[in-house]
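I opened this notebook to keep a record of what I looked up, entry by entry, for a reader who has not met the structure before.

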Amino acid sequence: MSPKAIRIVLAFAAFLVGLALFLSAALLLGGRNGPQAVAAIGGPFSLTDQDGRTFTQDNLKGKPHLVFFGFTHCPDVCPTALFDMSEVLRSLGKDGDRIGAVFITVDPERDTPAVMKDYLSSFDPRLRGLTGEPAAVAAVEKAYRVYSKKVPTQDGDYTMDHTAIVYLMDKNGQFVRPFDLKRRPEEAAADLRQYF
Ligand code: NI
């Protein structure tokens, strides 16, 4: 396989591992304490957005929101998800202001606020790109059960394998379910409107 094909397979494998961890966590917690324990996914955080401003869970209070983890050097999975999220926001029109959409980097070393700002200029301006100190980012990844791993490339650089779930959180910051972007933007938008 070409390096690109291998990367795609690895990214998919990472996704499956993430999904399996996520589902087993949900089942374990759900079995023991009832469905509300699934809300253990997510939680308070403090990061920096692409304009250099502090961004915390309070910025999302009162709005259903989509949370996606990735990195700006990602060749395919992240730009596709961000494009799809932008289409959903576009489809919501002005109501897009009533949801939150955040892209949290798993590669804070390279993804500074300036890099995030440049990268996100290709997408809906309402998308917030969040980065921070590696420890702060690692804590958020842990809270969302995100898997990510640095993988060296032949040219001495590196890429990141990472969980590619889009998390749907309600307006109280409780996890609802993974959000399906593989449908018409209007359908996805109607789905989100239920959580206004
Ligand atoms: Ni990616």
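**Entry 1: the metal site**

Is C74 buried or exposed? I found that C74 is buried, with a relative accessible area of 8%, where buried means under 20% relative accessible area, exposed means over 50%, and partly exposed lies in between, with a 1.4 Å probe and protein chains only. Before going on I noted that this is a predicted model, in which local features need pLDDT of at least 70 and side-chain atom pairs count only at pLDDT 80 or more, while totals for chains, interfaces and linings use all residues. I also noted that residues are numbered from 1 along each chain as its sequence is written, and that side-chain values use heavy atoms, with hydrogens and water left out.

I looked up C74 since it is listed with the nickel ion: the protein donors are C74 (SG), C78 (SG) and H162 (NE2), lying 2.1 to 2.2 Å from the ion. Donors are N, O and S atoms within 2.8 Å of the metal (3.2 Å for Na, K and Ca), and water is not among the atoms, so sites may look incomplete. Along the chain, the donors of the nickel ion follow the spacing C-x3-C-x83-H. C78 is buried too, with a relative accessible area of 0%.

**Entry 2: the chain as a whole**

I then stepped back to the chain, which has five helices and nine strands; helices (H or I, at least four residues) and strands (E, at least two) are DSSP runs, numbered from the N terminus. Read along the sequence, they follow the pattern α-β-β-β-α-β-α-β-α-β-β-β-β-α. Of the 196 residues in the chain, 44% are buried. I also looked at contacts, meaning heavy atoms within 4.5 Å, and found that 70% of those between residues at least 6 apart in sequence join residues at least 24 apart.

**Entry 3: L66 in strand 3**

L66 is found in strand 3, residues 65-70, and it is buried, with a relative accessible area of 1%. Leaving aside neighbours within four places in sequence, L66 is in contact with residues including M85, G100, V102, Y167, F179 and L192. For one of these, V102, I looked up the spacing: the C-alpha atoms of L66 and V102 are separated by 6.3 Å, with their positions 36 residues apart along the chain.

**Entry 4: R128 and D124**

I turned next to R128, which is found in strand 5, residues 128-130, and is buried with a relative accessible area of 17%. Its side chain makes a polar contact with the side chain of D49 at 3.2 Å, and the side chain of R128 also reaches the backbone oxygen of P125 at 3.5 Å. A polar contact is a pair of N or O atoms within 3.5 Å; within protein, one must be able to donate a hydrogen and the other to accept it, and residues adjacent in sequence count only if both atoms are side-chain atoms.

D124 lies in the loop between helix 3 (113-120) and strand 5, and D124 is buried, with a relative accessible area of 10%. A polar atom of the D124 side chain lies 2.7 Å from the backbone nitrogen of R126. Not counting residues up to four places away in sequence, D124 touches S86, L89 and R90.

**Entry 5: three loop residues**

Which loop holds R145? I placed R145 in the loop between helix 4 (134-143) and strand 6 (148-152), where it has a positive phi of about 60 degrees although it is not a glycine. At 26% relative accessibility, R145 counts as partly exposed.

E133 is in the loop between strand 5 and helix 4 and is exposed, with a relative accessible area of 60%. E133 and P108 are 25 residues apart in sequence and 6.9 Å apart in space, C-alpha to C-alpha.

N172 lies in the loop between strand 8 (166-169) and strand 9 (175-178), and at 63% relative accessibility N172 counts as exposed. From C-alpha to C-alpha, N172 and H65 are 9.6 Å apart in space, and they are 107 residues apart in sequence.
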